[in-house]
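Q: Take a close look at one salt bridge in this model for me, please. Start from one of its partners, then work outward to whatever else is worth seeing.

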Protein chains: 2
Amino acid sequence: MKTELSQRLGIEHAIFGFTPFPAVAAAISRAGGLGVLGAVRYGAADDLARDLDWLDAHTEGRPYGLDVVMPAKKVEGVSVAEIEAMIPEGHRQFVKDTLAQHRVPELGPGEESGWRITGWLEEVARAQLDVAFDHPLKLLANALGSPPADVIQRAHDKGLLVAALAGSARHARHHQEAGIDIVVAQGYEAGGHTGEITTMVLTPEVVGAVDPLPVLAAGGIGTGEQIAAGLALGAQGVWLGSIWLTTREAKLGSPALLRKLLDAGSGDTVRSRALTGKPARQLRTRWTEAWDDPASPDPLPMPLQGLLVAEAVSRIQQYEVEPLLGTPVGQIVGQLNAVRPVQAVFDDLTRGFERAITRVNRIAGRD
Amino acid sequence: MKTELSQRLGIEHAIFGFTPFPAVAAAISRAGGLGVLGAVRYGAADDLARDLDWLDAHTEGRPYGLDVVMPAKKVEGVSVAEIEAMIPEGHRQFVKDTLAQHRVPELGPGEESGWRITGWLEEVARAQLDVAFDHPLKLLANALGSPPADVIQRAHDKGLLVAALAGSARHARHHQEAGIDIVVAQGYEAGGHTGEITTMVLTPEVVGAVDPLPVLAAGGIGTGEQIAAGLALGAQGVWLGSIWLTTREAKLGSPALLRKLLDAGSGDTVRSRALTGKPARQLRTRWTEAWDDPASPDPLPMPLQGLLVAEAVSRIQQYEVEPLLGTPVGQIVGQLNAVRPVQAVFDDLTRGFERAITRVNRIAGRD
């Protein structure tokens with residue numbers, strides 16, 4: 001599965017795998033794709049440094065990337081404490097009440113919040129980048145608009161390609177003007193932050209909008225047939241996130257969450273502002289339902305909502321409070337039905353792709 | 001573009017074109033696809049009979065189909081008047097107020113409602129079928145669940161294939177159990193009634209659910225590249241509706257509406273219950289915004305909402321009250337940028353399909 005972009009990055013297959021788990025990222029790169037490690041869960045830059053060292057030792061010299069979450073616009077001189085102070089008391093009370101209603105235990109003394117949200121904050125992301133640029137990354141992706149200009153410049157100076165996610169052709173053109181190299185067109189069906197336009201419509205629209213920049217199709221892709229569809233739409237590669245969540249190498253840290261992912265159907269996700277303040281697709285839970293109820297307070301804008309709910313989400317995960325337990329995931333969650341090694345999942349992708357190509361050739365009368 | 005299904009129907013290309021306009025349906029069939037005439041706008045069976053006669057004279061013997069809107073479950077012995085009486089006064093007042101706010105004129109004496117909704121009612125649909133079965137249809141599609149068992153039987157006795165639209169794998173399995181021959185998997189991005197699952201995810205899910213029944217991919221398809229994507233997902237054909245709305249042969253009857261369609265971007269549609277009571281994708285207008293406002297009355301269930309708003313929609317169209325003027329259309333509305341003959345649109349579809357196949361073959365190393 002070779003495109004101009006995959007050849008430029010030196011990967012065998014134009015499959016980009018986003019994951020918060022280093023072992024998954026390494027396995028994707030070893031399988032011939034490009035593993036992209038999500039940095040948002042790392043609070044301390046030291047933890048990230050340790051995991052990037054581990055990646056260097058386990059990718060057999062294959063290319064890998066890092067995904068950060070940096071706002072393009074800097075809020076000058078505002079501390080986390082000052083941002084926290086902007087959260088209305090009524091919202092804090094709503095979180096308390098919802099947790100109490102479901103008898104969610106408090107974290108024990110010294111227990112750390114497993115679900116970190118501080119990676120959204122620019123000061124944290126910048127500390128992460130200082131670490132990351134010491135490692136042989138090939139790709140820097142930003143999940144939240146274009147990275148700041150100086151970051152793009154630094155990445156280019158180091159020989160990295162810079163990617164940014166976009167949910168509309170307008171966003172994609174902004175990225176292009178900002179000087180990024182690759183647009184990830186993230187369709188409505190994708191896990192995490194998404195717009196309203198689906199992959200089928202968004203991909204060709206973005207391809208046309210930023211030509212000749214390469215575009216990756218994201219959202220709704222978890223089989224080789226879906227990869228073939230994304231590439232038929234003009235993408236130079238595909239960006240997959242959800243499919244890796246139930247791989248053997250993933251460290252979800254919650255058997256109950258794993259079970260929920262394996263059991264969920266394609267209709268069991270919702271695009272909700274409950275987690276970060278921006279619409280993000282995730283499992284539908286009592287938690288998202290509570291926030292999406294018209295009688296509840298409106299979720300706060302990013303980054304307030306993430307700060308507001310971080311401890312709650314950690315408690316829900318720590319104690320596996322099943323009705324509230326969720327995670328960002330796309331509509332392909334219906335295809336996640338078994339725990340398998342990354343390599344097996346990857347082999348299925350490439351085999352399914354070949355099958356789809358054979359099939360469309362037959363339809364086109366080219367067999 | 002040949003599949004088992006296209007060969008069974010005797011069409012050159014596995015492209016199914018849904019349209020409310022006979023001239024468009026005929027042109028699609030003449031171009032080598034299968035034109036499917038929407039019957040819902042026909043109030044009187046005589047009008048339908050006249051247009052089917054016209055189709056017979058203008059399809060050069062090529063196959064065509066009819067799309068009706070029949071509920072599988074019959075509401076026994078309830079008249080239109082009795083159903084009308086179920087509409088709450090507050091809802092009628094809301095319609096009046098919204099029309100007054102936008103100074104929408106009343107219809108003149110003797111002026112007929114151009115936007116008819118009575119085709120939703122089973123008695124009307126049955127009268128349409130009595131007419132339709134006298135014509136050489138090859139396909140009977142139902143936009144609202146499986147048709148009643150006796151209708152499926154009658155269609156099969158006449159040698160027709162029966163198709164039904166589905167927005168989920170569960171719906172699709174119900175259709176299969178009911179004995180239909182083809183499932184149209186209608187993704188979230190489609191115009192008209194849609195579920196929450198996008199074409200990229202829904203198509204393979206439905207293909208897997210009803211195997212070996214043939215599936216048509218619908219929603220988000222308006223270019224040959226999107227056709228290739230739909231077929232790569234396992235469909236035996238594609239079902240296109242929105243793309244024909246701005247063809248030269250279409251009789252929208254409103255220059256202002258045509259302009260709105262040509263100007264709209266992919267983000268200018270909304271899935272709303274404002275028109276029929278079930279979620280249907282359409283242009284976002286002041287009308288849909290009024291109904292979708294949390295402060296407004298909730299739209300009524302089908303068929304009440306359609307009866308409630310029919311006259312209002314006719315007045316809005318008749319007098320081209322621009323802020324309120326809308327139509328069902330999918331997210332591909334962003335691709336509708338010129339008025340062109342059906343044949344030119346169709347040629348683009350087949351050429352784009354060939355281009356996409358060449359492209360994916362190159363990516364797969366099969367060139």
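A: Let's start with A:Glu311, which is partly exposed at 40% relative accessible area (buried is under 20%, exposed is over 50%, and partly exposed is in between, with a 1.4 Å probe and protein chains only). Before going on, this is a predicted model, where local features need pLDDT of at least 70 and side-chain atom pairs count only at pLDDT 80 or more, while totals for chains, interfaces and linings use all residues. Side-chain values use heavy atoms, with hydrogens and water left out, residues are numbered from 1 along each chain as its sequence is written, and chains are lettered from A and ligands numbered from 1 in the order in which they are written.

The partner of A:Glu311 is A:Arg315: their side chains meet in a salt bridge at 3.5 Å, N to O. The term stands for a side-chain nitrogen of Lys or Arg within 4 Å of a carboxyl oxygen of Asp or Glu. Side chains of opposite charge can pair when their charged atoms come close. Both residues sit in helix α13 (residues 304–318) of chain A, four residues apart, about one turn of the helix. Helices here are DSSP runs of H or I with at least four residues, strands are runs of E with at least two, and both are numbered from the N terminus. A:Arg315 counts as buried, with 8% relative accessibility, whereas A:Glu311 is partly exposed.

Just ahead of that helix, the loop between α12 and α13 of chain A holds A:Pro303. The peptide bond from A:Met302 to A:Pro303 is cis, with omega near 0°.

Now for the wider set: over all chains, the structure holds 26 salt bridges. One of them is in chain B, where B:Arg259 and B:Glu322 meet at 3.8 Å, N to O. That pair links distant parts of the chain, 63 residues apart: B:Arg259 is in helix α11 (residues 255–263) of chain B, and B:Glu322 is in the loop between α13 (304–318) and α14 (342–363) of chain B. B:Arg259 counts as partly exposed at 44% relative accessibility, and B:Glu322 is partly exposed too, at 35%. There is also a network: salt bridges that share partners join A:Asp47, A:Arg50 and A:Asp51.

Another chain B pair is B:Arg92 with B:Glu84, whose closest N and O atoms are 3.5 Å apart. B:Arg92 is partly exposed at 27% relative accessibility, and B:Glu84 is partly exposed at 28%.

Between chain A and chain B, the count is two salt bridges. One is between the side chains of A:Arg366 and B:Glu354, at 2.7 Å, N to O. The interface also has 26 residue pairs in polar contact, both at pLDDT 80 or more; that contact is a pair of N or O atoms within 3.5 Å, where within protein one must be able to donate a hydrogen and the other to accept it, and residues adjacent in sequence count only if both atoms are side-chain atoms. On the side of chain A that touches chain B, the elements giving two or more residues are α9 (199–210), α10 (224–232) and α14 (342–363) of chain A. α14(A) gives the most to that side, with ten residues. By class, the side has 20 nonpolar, 14 polar and nine charged residues (Ala, Val, Leu, Ile, Met, Phe, Trp, Tyr, Cys and Pro count as nonpolar, Asp, Glu, Lys and Arg as charged, and the others, Gly among them, as polar).

In total, 43 residues of chain A are in contact with 43 residues of chain B, with contact meaning heavy atoms within 4.5 Å. The area buried between the two chains is about 3400 Å², and carbon and sulfur atoms give 57% of it. In chain A, A:Met200, A:Ile363 and A:Arg366 lose the most area to chain B, together 19% of what that side buries. Buried area is the accessible area (1.4 Å probe) that two parts lose on being put together, summed over both.

As for symmetry, a rotation of 180° with 0.0 Å of shift along its axis superposes chain A on chain B, RMSD 0.0 Å. That is the relation of a two-fold axis. The C-alpha in chain A nearest the axis belongs to A:Ala229, 1.9 Å from it. Copies are superposed by least squares on the C-alpha atoms of residues with pLDDT of at least 70 in both. The copies meet through the same surface, because 100% of the interface residues of chain A are also interface residues in chain B.
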